[in-house]
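I opened my notebook to go through this structure one stop at a time. Here is what I looked up, in the order I looked.

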Amino acid sequence: MTVMNPPRETPWQPMRLRVPRADGSLLAHPPSEEAIAAARANSQSLSHAEIDVQGRTLVRLRREARAAALAAARRYTAELTGERPPAPGPEAPLFVDGHQPSLFHPGVWVKNFAIAALAAQAHGTALHIVVDNDVLTTTRIRVPAGNRDAPEFDREPFDADRPRIPWEEARVLDPEVFASFGERIAARMAKWGVVPLAARVWPEAIRAVEATRTLRASGSLASAEHTGSLRDAFTAARHRIEVDWGARNFELPLSRLCELDPFLWFASHLLVRAEEFRAIHNEVLDEFRRVNRVRSRTHPVPALKAHDGWIETPFRVWRTGAPVRRNVFVQQRAGVLALSDGSDTFAELPIAPGRDACCAVEILRKLPAQGIRFRTRALTTTLFARLFLADLFVHGTGGAKYDEMTDRIIGRFFGIEPPAFQTLSATLHLPLAEPFDVAPEDASRLETLLRELEFNPDRHLPPHAPAEARALAAEKRQLIAEQRAARGERAPRSVRRSRSRANHARYRRFREIDQALRPFVAGQRRQIENDLAELRRQLAANIVLRDRDASFALYPEDKLRRFLTGLASQPG
């Protein structure tokens, strides 16, 4: 592989990104006013990356990937909306983000409005990648229940439960549960005086499901692939709100991106150089864990393995009808590269390190027709998006932390300076009720006072304590003075042994005095215990009242709209 001079790496300093906690707060790193300059610098740098990627330069493959991805995004966005959006210019600045097609919280959604604002300012294009190869883990969202004094989160289903499967395979299983979700959420939130966005957004989700069913029945859909798709329903509903609020982004499922020729060319390059990539990946992973003091062998990602001549790669595969994601392994054989899911060989690519990838791409292009889903894994997703698509990729805090690894992999595998990315996150509290004016430090103070009453009741005797109690307190003070005096004197060993016995006797007397004095502070103790129990209850209530992870579908439209359209384009 022809590479540029490898970039000089700076010492690895762990990224310290703190998720904002205050209501209405935003984290933007770098600040939004610097993001467009970063995009231009990335574009300029990558336009000179004349490195070989299996017979094509990175510059050429990047140009082809952008054109193919934007054309596919335009088609998919038109399918969602029934409208034909104007064709984006492949040469215009491209701002990209991505997330699973779930009902995520506003701190995630802010990225979509940010890339729209950046694209508008730079006369560019915004592309949201719908990460549908990730697993749908639940068909329920958390909904606040109870009242201000005892709030809690309950779970409300938007569809029937099912085994964990990739989002792109998920279909609506219970139409009645799905159709009534918006009304049920509205009823639940009405108890808090909130008219949730779900009341307006859910009819769009229902329309998307019904539209695909109608197209399927009329024969306009060639297959049932997207009939009743949860991914499409959620994406259509979210996209409608974004358009209404001025954010005109293109949408593209990662599954479709993974079936485009430029992506398959990139994948072929990583597959044929699997051992080199594995060595760099695992080397960087070890460094990440050491620098960040991570002991888990699966965090942030597992190491890529090798056994019996098979090399694990950063891709996954599954088959329609059996949507269990499996890792992809490769083995170089005479003239071909065999691909396996760890059990069966599902493809043989006519490719070797020095050969052009065109014939391998032809084989990979045929996999969908065979019911085989060849997909990327998380780090490889952002590696492709940052190098071959985006002028600026926008991460959340979790993705930004993991992309510390991606930066080093890009530098060592491709031999170029990794393009910069922006990190965005935000916090917006549900307007449920006024949080209690308490803090964890208040509980610590009361807990400290309880320990004082337990082990030093003499310091907290009431003003009119009886003479007996005052005498015991005076005796303890005298014992403490004797103890301090004994510590300060140097003496022979025999004297020290004698003092040790005396010290032990004093300690027993301390405890006897403490026990005798505790009844005199029992009233204070009961009051503090009651105060502490109430404070802990209020702290627990605040966890719910200040929660930042609630679905955007639960928020009132006016608060959410002001927040997303205002903060997304503001400096961090």
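When I write that one residue touches another, I mean that heavy atoms of the two lie within 4.5 Å. I also keep in mind that this is a predicted model.

**Entry 1: Asp159**

I began with an acidic side chain and asked where Asp159 sits. I found Asp159 in the loop between strand 8 (152-157) and strand 9 (165-166).

Is Asp159 buried or exposed? The relative accessible area came out at 2%, and I count a residue as buried under 20%, so Asp159 is buried.

Next I listed the neighbours, leaving out residues up to four places away in sequence. Asp159 touches Thr139, Arg171, Val172, Leu173, Asp174, Val177 and Leu230. For Leu173 I noted a polar detail as well: its backbone nitrogen is 2.9 Å from a polar atom of the Asp159 side chain.

**Entry 2: the hairpin of strands 7 and 8**

Since strand 8 leads into the loop of Asp159, I looked at its partner too. Strand 7 (residues 140-145) pairs with strand 8 in the antiparallel sense, and I noted six bridges between them. Across this pairing, Arg140 stands opposite Pro157 of strand 8.

The hairpin has six residues between its strands. I checked the backbone there and found Gly146 with a positive phi near 80 degrees.

**Entry 3: the cavities**

Rolling a probe the size of a water molecule over the atoms shows where empty space is left. How many cavities of 30 Å³ or more does the structure hold? I noted two.

The largest has a volume of about 60 Å³. I wrote down its lining as Cys258, Glu259, Leu264, Leu364, Arg365, Leu367, Pro368, Ile372, Arg373, Phe374 and Arg375. Helix 10 (358-365) and strand 16 (372-376) each supply at least two of the lining residues, and strand 16 gives the largest share, with four. By class I noted seven nonpolar residues and four charged ones, with no polar residue in this lining.

The second largest cavity holds about 50 Å³ of space. Its lining is made up of Gln100, Pro101, Ser102, Leu103, Phe104, Phe234, Thr235, Arg238 and Phe552. Here I noted five nonpolar residues, three polar and one charged.

**Entry 4: a line to keep**

If I keep one item from today, it is the acidic residue: Asp159 is buried at 2% relative accessible area, and a polar atom of its side chain lies 2.9 Å from the backbone nitrogen of Leu173.

Terms used:
Residues numbered from 1 in each chain as written. Predicted model: local features only at pLDDT ≥ 70, side-chain atom pairs only at ≥ 80, totals over all residues. Heavy atoms only, no water. Buried < 20%, exposed > 50% of the residue type's maximum accessible area, 1.4 Å probe, protein only. Polar contact = N/O pair within 3.5 Å; in protein donor to acceptor, adjacent residues only side chain to side chain. 1 Å grid on protein atoms, 1.4 Å probe; cavity = no way out; pocket = protein on both sides within 12 Å on 5 of 7 lines; lining within 4 Å. Points joined across faces, edges and corners; volume = space filled by probe spheres on them. Nonpolar A, V, L, I, M, F, W, Y, C, P; charged D, E, K, R; others polar. Pairing = 2+ DSSP bridges.
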